[in-house]
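Work through the exercises below with the sequence and the structure open. Each one sets a task and then solves it step by step.

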Amino acid sequence: IREMKTPRELWISIKIFIDKHERVFLPLFLLLGFIVDSFTLTRVDKVFDNVILSFYILLAATTILLTYSKEKLYYFKSYIKYNKLLPYIMQYAFGGLFSGLVIFYSKSASIFTSFPFLIILITLLVGNEFFNKKWPKITFQILMFYIALLSYCILIVPIILNTINMWTFLLGNIISLVLIYTYLWIFNKYVPKAFKPHKKKVKNIILSVFLLFNIMYFTNIIPPIPLSLKDGGIYHSVVKNSTGEYVVKDEVRTILSFFRSFNPIFHKVPGETIYAFSSVFAPTDFNNTIYHEWSYYDIDKKRWVQTDRIPIKLTGGRDQGFRGYSFKNSFSDGLWRVTIETGGGQKIGRLNFTIKESTSRPELKREVY
């Protein structure tokens, strides 16, 4: 009869098995963090969601520091016993952090305008094992940590202050620098042997990330999180009824209209008004002004020409987003777009369409928002 293993023997067997298959388990722990976020994170302004992200930041910071604290902590038996688990805990923390940021940032703004920024986050999420082999581990781990910390700071500051503008972004930047340099001071004080050889490179990388984020912000690559476009469209009619619902009339379209990249054709009759409707999510107590920027494509000049920029007062809190609309009476045939954006010009979303003159009104369907 085979004897049952004691808890200690079972633990040793598990450690040996994990160490043997480290290349498989590290990505799995990263994936686990992503899966947990997918089921737990719902709204960027929820206290629970922010507690989760804050926990991941603290967990990542702690595991990085403990990984390089062998000369300080090696006499603790518990450290000797569990130190091999630190890489897996760190991977789980980074997986949770970056997947949470990707989830919230991808929900905010147009995927086309924020695409480069999302690629950076996803690359770090998926390719961290590859970069770990190419760079000194401590340098890459602090780089990962600072990108996550900075991304979170510029996310949470507008939520706390209930507004979004250039100053909230810069405040988030400053807070991230204070936090990361405090963290580096702790590193330098308590684990100088591991940190000092990479000190200069780490600081240069942090400044480079700081500058890159600012360039991406002022070139409208970073989306205006926590705002996000929940719904929108170009309609023949928009009316707010007595119950507060918005009743819109849209053309009966083909299945191709469900694709964002497809420009639906708006068949207008003489004297008709065109309505642009948007539903933009904002956190509770969030008050700001967004804009509907109407533009047409000038074929001769081969560029977009702005015709109107209409302000809409935004109030947050509704899960399906704050509803608002603008309209236009004077327009010509051709390519048009309505860009929903912040006062600073950050793009929340865009509605593309083509206007075509028609002698008869097309068949319309009624929808309620």
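## Exercise 1: the span of helix 11

Task: compare the span expected for helix 11 (residues 199-218) with the distance between its end C-alpha atoms.

Solution. The model used here is predicted.
Step 1. Helix 11 has 20 residues, which at 1.5 Å a residue should span 28 Å. The expected span is 1.5 Å times one less than the number of residues.
Step 2. The end C-alpha atoms of helix 11 lie 29 Å apart, in agreement with the expected value.
Step 3. The buried residues of helix 11 are Val202, Ile205, Ile206, Val209, Phe210, Phe213, Asn214, Met216 and Tyr217.
Step 4. After helix 11 comes Asn220, with a positive phi near 60°.

## Exercise 2: helix 3

Task: find how far helix 3 (residues 47-67) reaches, and name some of its buried residues.

Solution.
Step 1. Helix 3 contains 21 residues, and 30 Å is expected at 1.5 Å a residue.
Step 2. From first C-alpha to last, helix 3 reaches 30 Å, close to that expectation.
Step 3. Buried residues of helix 3 include Ile52, Leu53, Tyr56, Ile57, Leu59 and Ala60.
Step 4. An α-helix has 3.6 residues a turn, so residues three or four places apart point the same way.

## Exercise 3: two aromatic pairs

Task: classify the pair Tyr183 and Phe187 by the angle between the ring planes, then do likewise for Trp294 and Phe353.

Solution.
Step 1. There are 17 aromatic pairs by the rule used here. In one of them, Tyr183 and Phe187, the ring centres are 5.5 Å apart and the planes meet at 85°. Planes over 60 degrees apart count as edge-to-face, and the pair of Tyr183 and Phe187 is edge-to-face.
Step 2. Both residues, Tyr183 and Phe187, belong to helix 9 (residues 166-190), where they are four residues apart, about one turn of the helix.
Step 3. Tyr183 has a relative accessible area of 8% and is buried; Phe187, at 0%, is buried too.
Step 4. Trp294 and Phe353 are also an edge-to-face pair, with 6.3 Å centre to centre and 85° between the planes.
Step 5. Trp294 is in strand 6 (residues 287-298) and Phe353 in strand 10 (residues 347-357), so this pair ties together parts 59 residues apart in sequence.
Step 6. Trp294 is buried at 1% relative accessible area, and Phe353 is buried at 1%.

## Exercise 4: salt bridges

Task: for the salt bridges Glu357 with Lys268, Glu272 with Arg361 and Lys328 with Asp308, state where each partner lies and whether it is buried or partly exposed.

Solution.
Step 1. Side chains of opposite charge can pair when their charged atoms come close. The whole structure has six salt bridges.
Step 2. Glu357 and Lys268 meet at 2.8 Å, N to O. Glu357 in strand 10 and Lys268 in strand 4 (residues 265-268) are 89 residues apart, so the pair links distant parts of the chain. Glu357 is partly exposed at 41% relative accessible area, while Lys268 is buried at 7%.Step 3. Glu272 and Arg361 meet at 3.1 Å, N to O. Glu272 is in the loop between strand 4 and strand 5 (274-281), and Arg361 is in the loop between strand 10 and strand 11, 89 residues apart. Glu272 is buried at 7% relative accessibility, whereas Arg361 is partly exposed at 48%.
Step 4. Lys328 and Asp308 meet at 2.6 Å, N to O. Lys328 is in strand 8 (residues 322-328) and Asp308 in strand 7 (residues 303-315), so the pair ties together parts 20 residues apart in sequence. Lys328 is buried at 12% relative accessible area, and Asp308 is partly exposed at 27%.

## Exercise 5: the surroundings of Ser358

Task: locate Ser358 and list what it is in contact with, beyond its neighbours within four places in sequence.

Solution.
Step 1. Ser358 sits in the loop between strand 10 and strand 11 (364-368).
Step 2. The relative accessible area of Ser358 is 15%. Under 20% means buried, and Ser358 is buried.
Step 3. The side chain of Ser358 reaches the backbone oxygen of Ser360 at 2.7 Å.
Step 4. With neighbours within four places left aside, Ser358 is in contact with His267, Lys268, Val269 and Pro270. Of these residues, Lys268 also forms the salt bridge with Glu357.

## Exercise 6: Arg309

Task: name the ring under the charged end of Arg309 and the salt-bridge network that includes Arg309.

Solution.
Step 1. The charged end of Arg309 is over the ring of Tyr291, 4.1 Å from the ring centre.
Step 2. Arg309 is linked with Glu293 and Glu341 in a network of salt bridges.

How values were computed. Residues numbered from 1 in each chain as written. Predicted model: local features only at pLDDT ≥ 70, side-chain atom pairs only at ≥ 80, totals over all residues. Heavy atoms only, no water. Helix = DSSP H or I, 4+ residues; strand = E, 2+ residues; numbered from the N terminus. Buried < 20%, exposed > 50% of the residue type's maximum accessible area, 1.4 Å probe, protein only. Phe/Tyr/Trp six-rings, centres within 6.5 Å; stacked < 30°, edge-to-face > 60°. Lys NZ or Arg CZ within 6 Å of the ring centre and 35° of its normal. Polar contact = N/O pair within 3.5 Å; in protein donor to acceptor, adjacent residues only side chain to side chain. Contact = heavy atoms within 4.5 Å. Salt bridge = Lys/Arg side-chain N within 4 Å of Asp/Glu carboxyl O.
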